[in-house]
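Please open the model in your viewer and keep the selection tool at hand, since each stop on this tour begins with a few residues to pick out.

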Amino acid sequence: MTLPGGRTLEYLVEGPPGGLPLVLHHGTPSGAVRLAPVFESAARHGLRLVLASRPGYGGSSPHPGRRVADVAADTAALLDSLGAAHFVTIGWSGGGPHALACAALLPGRCVGASTIAGVAPYEAPGLDWPAGMGEENIAEFEAAAKGVQALDAFLTGMADGLARVTAADVVEAFGDLLSEVDKRALTGGLAGYLAESTRYSVSAGIAGWREDDLAFLAHWGFPLADIRVPVAVWQGEQDRMVPPAHGHWLSAHVPGAEVHLLPAEGHLSLLAGIDEVVENLLAHTTV
């Protein structure tokens, strides 16, 4: 679709036209690639799954300088085009802040939100933001903190290999970011999804990835204290992509958050329990 400002927004939609939309915010880097466990769970619950590529990924126009908060206007425009008044949202990993932005900035339309291994604000008081991350993420965000030029050089160096990654390469490609429980989770098509979404994330260049990283490190553009809709925070304690301290911090700072801290889960393995996430989200939703 064409957004009011002229940018193009690429999206997938699946499910009954009259179903309550479940807006899924993908991780970083990624794009509008069908994540089967979530799409299938949405179908089992009668929901209409909506997944957009954030600006700069896939067929979505770049939006240099975008903030996390900007996702709210894009989401509202997309839902307008689909004729949907209300929605629920889930953000996985780098999508977590974007789900929270929808909860904070679209309170009349967003009736519930969940974050799954979601990132916390970079300058969150009392949080050692990179502590516990795998070495690849530490290097990436050290580059991001140095500015656009350093980040561009880092991501460009990564993109060539990621553009050719296959399911068989995923464990090696993700390296120190995978805990043992997450390595075991790479079955049943999840490795294939990660490979496909990773390839797609750099298919149009690194703009989306760069804009995501810079948006995470900047002010998100809204206070978490503004959130008034039901929010659940799901976090695995064996996560090396988004360390458990992020989930703990969000649990303490998102107003009224329902907290699910799972000692035996990692970053990827949480998706095996997506039905529980969706059921919990709907149990707290009134439309």
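Begin with the largest nonpolar core of this predicted model, which has 56 residues, and select Leu100, Phe222, Leu224, Ile227, Val231, Leu250 and Val254, the members that touch the most other members of that core. Next colour helix H2, which runs over residues 71–82 and supplies the largest share of this core, with 7 residues.

Keep Leu250 selected and show what surrounds it: which residues is Leu250 in contact with, once its neighbours within four places in sequence are left aside? They are Leu100, Gly118, Val119, Ala120, Pro121, Leu224 and Val233, and you may recognise Leu100 and Leu224 from the list of core members that touch the most others. Now move to a second core, separate from the one you have just seen, which holds 40 residues, and pick out Leu22, Ile90, Ile116 and Ala191, which are among them.

The next stops are salt bridges, of which the count comes to 11. Select Arg210 and Asp152, whose side chains meet in a salt bridge with a distance of 3.0 Å from N to O. Because Arg210 lies in helix H9 (residues 207–217) while Asp152 lies in helix H5 (residues 148–162), this pair ties together parts that are 58 residues apart in sequence. If you display the surface at Asp152, bear in mind that this residue counts as partly exposed, because its relative accessible area is 23%.

Go on to Asp176 and Arg240, whose side chains also meet in a salt bridge, here at 2.7 Å from N to O. This pair links distant parts of the chain, 64 residues apart, for Asp176 sits in the loop between helix H6 (170–174) and helix H7 (180–185), whereas Arg240 sits in the loop between strand S6 (231–236) and helix H10 (244–253). Asp176 is partly exposed, with a relative accessible area of 29%, and Arg240 is partly exposed too, at 27%.

Then select Lys183 and Glu180, which form a salt bridge whose closest N and O atoms are 3.3 Å apart. Why are these two residues separated by about one helical turn? They are 3 residues apart in helix H7, and so about one turn of the helix lies between them. Lys183 is partly exposed, with a relative accessible area of 33%, and Glu180 is partly exposed as well, with 49%.

For the last stop, select Arg54, Arg66, Glu211 and Asp212 together, which are joined into one network by salt bridges that share partners.

Conventions: Residues are numbered from 1 along each chain as its sequence is written. This is a predicted model: local features need pLDDT of at least 70, side-chain atom pairs count only at pLDDT 80 or more; totals for chains, interfaces and linings use all residues. Side-chain values use heavy atoms; hydrogens and water are left out. A nonpolar core is a set of buried Ala, Val, Leu, Ile, Met, Phe, Trp, Tyr and Cys residues joined through side-chain atoms within 4.5 Å. Buried means under 20% relative accessible area, exposed over 50%, partly exposed in between (1.4 Å probe, protein chains only). Helices (H or I, at least four residues) and strands (E, at least two) are DSSP runs, numbered from the N terminus. Contact means heavy atoms within 4.5 Å. A salt bridge is a side-chain nitrogen of Lys or Arg within 4 Å of a carboxyl oxygen of Asp or Glu.
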